[in-house]
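The exercises below are meant to be worked through with the sequence and the structure side by side. Each one sets a task, and a step-by-step solution follows.

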Amino acid sequence: MKHFDITRTHLADTAADSIVNRAAEEAALESHLLALEEQYATLKRIGADRQQLAELQLQQARALVGLGRGADAWPLGRAAFDVLMEAEAFESAADCCDVLFRAEQDQSLSALGQGIWLAVTYPMDVELAIELLSHVVEETPDEADGAAVAATTALFLADVRAAGAQRENLTFFATQILADVARRHSGVESQEAFDLWRDRLELREPEKFLVRLRNVVDVLVQDEWWFDRDALQHKLPVN
């Protein structure tokens, strides 16, 4: 008779699997970071333009954040931001702000506010804009209106900037975020209550909720603006 050795069996160790997966992810990021650093050094040596170098700094900063090295990521992302703004590469500059927020440094909330300003002001990748706005939802207390304003703006941008399947997917995603905010904010559970809640907070008219978003951004940034908003607004096509 074959004896069953219980000491050789065990349940799947999900914690151990998680550690192994995280170690593999970190190793891949470390390898990617090394390749980026080598590429940056090569391009700098041959005299590549500043914008190209800044894009590589942004990628390095993103990898460092992924490794939990926010303090190391900050100076790279911050330097890249200035160059990208000078080059009017506003989408990449907003992407920088997302990375700088994730770096969790003293000015990370300021970076988030400035990234949102850029993402709403300029017609860039709507997924990036929604990602930035979702950070406000995550950071805002349940009882505050800021999350509702940010989620409503995300839904608005998905509606007006996306098309086809992307529009359908993003509007569904943004609607779910807004519904979760309504539940947290006021215990909203039904469609009727949701509609009344939106009316009460004036979340149906862009000319109202976008002004309120500006106030949210001002709270995030305080007096730490890294660029001249007025100068940029005067250069917009509508002016």
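**Exercise 1. Describe the lining of the second largest pocket, and say which elements contribute to it.**

Solution. In this predicted model, the lining of the second largest pocket is made up, by class, of seven nonpolar, three polar and one charged residues. The next step is to name them: the pocket is lined by Leu 109, Leu 112, His 135, Val 136, Glu 139, Thr 140, Pro 141, Gly 146, Val 216, Val 219 and Leu 220. Placing these residues on the chain shows that H5, H6 and H10 are the elements that give two or more residues to this lining. The space in the second largest pocket comes to about 160 Å³.

**Exercise 2. Give the volume of the largest pocket and work out where its lining comes from.**

Solution. Begin with the size: the volume of the largest pocket is about 340 Å³. There are 14 lining residues, and those closest to the centre of the pocket are Trp 117, Thr 121, Leu 210, Arg 214 and Gln 233. Turning to the elements, at least two lining residues are supplied by each of helix H5 (108-121), helix H10 (206-221) and helix H11 (229-234). H10 provides the largest share of this lining, with six residues. Sorted by class, the lining of the largest pocket holds eight nonpolar, two polar and four charged residues.

**Exercise 3. List the secondary structure of the chain and give its extent.**

Solution. Counting the elements gives eleven helices and zero strands, and, read from the N terminus, their order is α-α-α-α-α-α-α-α-α-α-α. For the extent, the C-alpha trace spans about 80 × 60 × 35 Å along its principal axes.

**Exercise 4. Determine how H4 is oriented towards H3 and towards H6, and name the residues in contact.**

Solution. A general point comes first: a pair of packed helices is described by the angle and the distance between their axes.

Step one takes helix H3 (residues 70-86) and H4, whose axes come within 9 Å and cross at roughly 160°. Angles over 145 degrees count as roughly antiparallel, and H3 and H4 are therefore roughly antiparallel to each other. Their crossing is left-handed. On the H3 side, Trp 74, Gly 77, Arg 78, Ala 80, Phe 81, Leu 84 and Met 85 meet Phe 90, Ser 92, Ala 93, Cys 96, Cys 97 and Leu 100 of H4. By class, the residues of this contact between H3 and H4 are ten nonpolar, two polar and one charged.

Step two takes helix H4 (residues 90-102) and helix H6 (residues 126-139), whose axes come within 10 Å and cross at roughly 30°. Since angles under 35 degrees count as roughly parallel, H4 and H6 are therefore roughly parallel to each other. The crossing of H4 and H6 is left-handed. H4 takes part in the contact through Glu 91, Ala 94, Asp 95, Asp 98, Phe 101 and Arg 102, and H6 through Leu 128, Glu 131, Leu 132, His 135 and Glu 139. The residues of the contact of H4 with H6 comprise four nonpolar, one polar and six charged.

**Exercise 5. Are H8 and H9 roughly parallel or roughly perpendicular to each other?**

Solution. The axes of helix H8 (residues 164-186) and helix H9 (residues 191-200) come within 11 Å and cross at roughly 80°. Angles of 65 to 115 degrees count as roughly perpendicular, and H8 and H9 are therefore roughly perpendicular to each other. Leu 178, Ala 179, Val 181, Ala 182, His 185 and Ser 186 form the H8 side of the contact, while Phe 194, Trp 197, Arg 198 and Arg 200 form the H9 side. Sorted by class, the contact of H8 with H9 has six nonpolar, two polar and two charged residues.

How values were computed
Residues numbered from 1 in each chain as written. Predicted model: local features only at pLDDT ≥ 70, side-chain atom pairs only at ≥ 80, totals over all residues. Heavy atoms only, no water. Axes fitted to C-alpha atoms, helices over the stretch in contact; angles between N-to-C directions. Helix = DSSP H or I, 4+ residues; strand = E, 2+ residues; numbered from the N terminus. Left-handed = near helix turned anticlockwise from the far one by under 90°. Contact = heavy atoms within 4.5 Å. Nonpolar A, V, L, I, M, F, W, Y, C, P; charged D, E, K, R; others polar. 1 Å grid on protein atoms, 1.4 Å probe; cavity = no way out; pocket = protein on both sides within 12 Å on 5 of 7 lines; lining within 4 Å. Points joined across faces, edges and corners; volume = space filled by probe spheres on them.
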